[in-house]
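This briefing introduces the structure shown below to a reader who has not met it before. Its topics are a core contact, the core itself, the ligand shell and a strand.

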Amino acid sequence: MDEYFFPGMAYETMPLLRMELGKGKERPPVLRLVTGGEHREAEIPEPEKVLLRTLSPAGDAEKIRTEILMMNAREGAKDYGLISIGGKALLVWAPTVEGTEALLQGKPLPDEGPAPAGPLAGRIALITGAAQGFGKGLAEHLAADGACVMIADINERTGQAAVEELKEKTGNHAITFVRADVSDSASVDLMVRQTVFAFGGLDLFVSNAGVLKAGGLDVLEEKAFDFVTHVNYKGFYLGVKYASRVMKKQHEAAPGRFMDIIQINSKSGLQGSKRNFAYAGSKFGSIGLVQSFALELVQDNIKVNAVCPGNFFDGPLWSDPKTGLFRQYLEAGKVEGAKTIEDVRRHYESLVPMGRGTTVLDVYRAVRYLIEQEYETGQALPVTGGQVMLR
Ligand SMILES: NC(=O)c1ccc[n+]([C@@H]2O[C@H](COP(=O)([O-])OP(=O)(O)OC[C@H]3O[C@@H](n4cnc5c(N)ncnc54)[C@H](O)[C@@H]3O)[C@@H](O)[C@H]2O)c1
């Protein structure tokens with residue numbers, strides 16, 4: 001069989017190759033990089049050794065080659081493949097994640113049946129802060145609609161648990177996890193690379209990870225202000241910096257395709273929030289970034305937009321009994337006369353013209369709209385039940 005040699009780095013080569021292999025097909029294939037351990041390119045050993053180490057018993061490398069040859073002969077196409085990259089890593093691909101895994105493990109290829117169905121089949125999504133809350137809910141909808149989903153979160157335990165739960169719920173096995181701190185440049189770089197190594201590219205980056213520390217000027221400490229700014233504002237910049245690098249490569253190979261960067265912002269990015277200035281400032285600032293990145297990346301067919309949800313009362317950010325906002329706001333005295341958590345909740349619900357908080361489905365519908373439309377960029381879309389309106 002053909003074994004190609006690519007001199008470039010895997011994270012640059014894979015998006016190009018995926019676009020190339022996807023030309024004239026309904027969807028691009030899933031690519032998977034084989035390495036011995038951590039996906040750090042500098043540490044990737046020689047392909048042959050990696051292959052033998054990954055497989056058991058040793059010697060199955062030949063079995064994989066034969067398997068790939070047979071599959072391609074049967075299909076009459078090069079849908080299954082093997083490539084060595086820079087003499088450092090090995091790239092294996094098949095039309096589905098299950099097929100790719102089977103090749104890697106030297107198992108017979110499964111009877112693949114119909115490829116994952118859904119309007120987003122063949123798209124690769126990376127979503128930060130997706131171990132819980134809005135992020136996890138959005139990841140579930142994306143997976144149910146057929147996308148390959150990388151869940152990134154600083155919390156490894158809840159992140160891994162979310163992967164297992166969502167695979168079970170959606171029947172989509174193209175869901176995986178990477179631990180990442182969105183406020184740390186090296187960590188974000190690795191997060192994006194791992195997404196490319198896991199699936200072959202990146203079509204949708206959802207910057208969702210966010211934190212909130214409430215408190216007025218006399219209460220909130222500088223350290224808390226920096227923390228919120230680093231995660232919500234700088235974290236968005238870092239995500240776009242590395243995600244756009246991959247997307248630009250894809251644009252080189254397939255200039256007609258649109259890609260999306262979506263920030264989960266907030267109604268507090270459109271209207272000031274009393275005794276909550278650190279959060280509101282980070283969200284207002286992020287809309288400035290959205291507009292600026294939109295102008296810069298439009299030439300690469302990358303749309304950059306924000307969704308600005310109202311309050312997600314049922315999510316852990318509000319409802320966690322110990323650290324939730326209902327408790328924080330009660331203790332910060334944000335709601336005059338409120339004596340219990342229920343008083344605080346009732347107060348916030350009464351501020352929404354539609355009388356309820358925002359749900360995951362409300363936000364997902366906005367995300368889908370932003371992906372589907374091809375004539376909007378740099379927008380901040382409110383999803384607030386009428387609570388906050390654009391001027
Ligand atoms: N909950 C709401 O009412 C509401 C309303 C409007 C907008 N939002 C926005 O929606 C997004 C998600 O909010 P949520 O309510 O689901 O929050 P959440 O607290 O339930 O979940 C946030 C997730 O982000 C992760 N995270 C925190 N810091 C991180 C970091 N440095 N790197 C990587 N991951 C990190 C957490 O581990 C957690 O899993 C945030 O940007 C938030 O500002 C929330």
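Leaving aside residues up to four places away in sequence, I127 touches G135, L138, A139, V149, I151, A152, V206 and N208; contact means C-beta atoms, placed from the backbone, within 7 Å. This is a predicted model, in which local features need pLDDT of at least 70 and side-chain atom pairs count only at pLDDT 80 or more, while totals for chains, interfaces and linings use all residues. Residues are numbered from 1 along each chain as its sequence is written.

**Nonpolar core**

- The largest nonpolar core (buried Ala, Val, Leu, Ile, Met, Phe, Trp, Tyr and Cys residues joined through C-beta atoms within 7 Å) holds 98 residues, and A125, I127, L138, V149, I151 and A243 touch the most other members.
- Helix α8 (residues 222–253) gives this core its largest share, ten residues.
- The core lies between domain 1 (4–104) and domain 2 (124–311 + 352–383), because both give residues to it; the bounds come from an automatic or database domain assignment.

**Ligand shell**

- Around the ligand are 28 residues, of which G129, G133, G210, S266 and L317 come nearest; a residue counts as near if its C-beta atom, placed from the backbone, lies within 6 Å.
- Helices (DSSP runs of H or I, at least four residues) α5 (133–144) and α10 (316–319) each supply at least two residues of this shell.

**Strand β9**

- Six of the six residues of strand β9 (259–264) are buried, that is, with 20 or more other C-beta atoms within 10 Å of their own, C-beta atoms being placed from the backbone.
- M259, I261 and Q263 lie on one side of β9, and D260, I262 and I264 on the other.

Definitions and conventions
Buried ≥ 20, exposed ≤ 12 C-beta atoms within 10 Å, placed from the backbone. Contact = placed C-beta atoms within 7 Å.
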